[in-house]
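This report walks through one protein model, from its inner spaces to its surface. Look over the sequence and the fold before reading on.

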Amino acid sequence: MPFSLVPDRLFADYRDVTPALLKEAGVTLLLTDLDYTLAPKSCRRPDEALHDWIAALRAEGIQCMIVSNNRSGERVREFCADLGIPYQGHAGKPSTRGLRQAMARAGADRAHTAMLGDKLLTDVLAAKRAGVLALMVEPKGGAVTLWQKVLHGIQVPFKALCQRRCL
């Protein structure tokens, strides 16, 4: 089982992950984290920009599914219902279980799947362990708690390595 904390690509915002970029990489299924990836955790509903991004993915034939570690599925369920996309709850990232279940539900294989997230120790590690393209974004809303600040500090050298590799 592969172990790496270096994302394959690093982006400032989820909107920088374009349908053209995904199609060029052969991605037909985009799995994505919700909290701090697509919206701050305090955000209950998706904004218009997120609706537009999902519509653009859909128009290019790219499926999108949220894969979340959230303990309470209510917010995730409401958020996904507003977007018209499915979700895989209680994913247990960095375990690959949730990603594998999502791929099975979507009928996709790992060669055509990417995982988008904001955290190395959950999203990127799960993607790497599952053998899917690992895409990372800067967290929406930034690090708020002390623990988040520590985690984000740990991520800095791995993100820098990714940036050097992508030049």
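The structure holds one cavity of 30 Å³ or more. This is a predicted model, where local features need pLDDT of at least 70 and side-chain atom pairs count only at pLDDT 80 or more, while totals for chains, interfaces and linings use all residues. Residues are numbered from 1 along each chain as its sequence is written, and side-chain values use heavy atoms, with hydrogens and water left out.

## Cavity and pocket

Both kinds of space are found on a 1 Å grid over the protein atoms alone. A cavity is a set of points where a 1.4 Å probe fits but cannot get out. A pocket is an open set with protein on both sides within 12 Å along at least five of seven lines. Lining residues have an atom within 4 Å of a point. Grid points are joined across faces, edges and corners, and a volume is the space filled by probe spheres set on the points.

The largest cavity has a volume of about 30 Å³. Its lining is made by S68, N70, G73, V76, Y87, G89 and H90. By class, that lining has two nonpolar residues, five polar and no charged. Here Ala, Val, Leu, Ile, Met, Phe, Trp, Tyr, Cys and Pro count as nonpolar, Asp, Glu, Lys and Arg as charged, and the others, Gly among them, as polar.

The largest pocket holds about 430 Å³ of space. It is lined by 17 residues. D35, K41, N69, N70 and K119 lie nearest its centre. Helices α5 (120–130) and α6 are the elements that give two or more residues to this lining. Four of the lining residues are nonpolar, five polar and eight charged. N70 lines the largest cavity and also lies among the residues nearest the pocket centre.

## Salt bridges

A salt bridge is a side-chain nitrogen of Lys or Arg within 4 Å of a carboxyl oxygen of Asp or Glu. The count comes to twelve. Three of them are set out here, with the distance from N to O.

| Pair | Closest N to O |
|---|---|
| E60 and K23 | 3.4 Å |
| K93 and D33 | 3.0 Å |
| D82 and R45 | 3.4 Å |

Places in the fold use helices (H or I, at least four residues) and strands (E, at least two), which are DSSP runs numbered from the N terminus. Cover is given as relative accessible area: buried means under 20%, exposed over 50%, and partly exposed in between (1.4 Å probe, protein chains only).

Take E60 and K23 and their salt bridge. E60 lies in the loop between α2 (48–59) and β3 (63–67) and K23 in helix α1 (residues 19–24), so the pair ties together parts that are 37 residues apart in sequence. E60 is partly exposed at 40%. K23 is partly exposed too, at 44%. From K23 to E48 the C-alpha distance is 23 Å, with their positions 25 residues apart in sequence.

Are K93 and D33 buried or exposed? Both are buried. Their salt bridge has a closest N to O distance of 3.0 Å. The pair links distant parts of the chain, 60 residues apart: K93 sits in the loop between β4 (87–88) and α4 (97–106), and D33 in the loop between β2 (29–32) and α2.

D82 and R45 also form a salt bridge. D82 is in helix α3 (residues 73–83) and R45 in the loop between β2 and α2, 37 residues apart. D82 is partly exposed, at 35%. R45 is partly exposed, at 42%. These two belong to a network of salt bridges that links R44, R45, E74, E78 and D82.

## An enclosed helix

Why does α5 count as largely enclosed by the rest of the structure? Because eight of its eleven residues are buried. They are L120, D123, V124, L125, A126, A127, K128 and A130. G131 follows α5, and its phi is positive, near 80°.

## Toward the surface

V144 is found in the loop between β6 (133–137) and α6. V144 counts as exposed, at 54% relative accessibility. Its C-alpha atom is 17 Å from that of L121, 23 residues apart along the chain.

I154 lies in helix α6 (residues 146–165). I154 is partly exposed, with a relative accessible area of 41%. L146, W147, V150 and I154 make a nonpolar surface patch of about 440 Å². Patches are made of residues with over 30% relative accessible area and no salt bridge: like charges are joined within 9 Å, nonpolar side chains (Val, Leu, Ile, Met, Phe, Trp, Tyr) within 5 Å. Accessible areas come from the Shrake-Rupley method with a 1.4 Å probe, and for residues only the protein chains shown count as cover.
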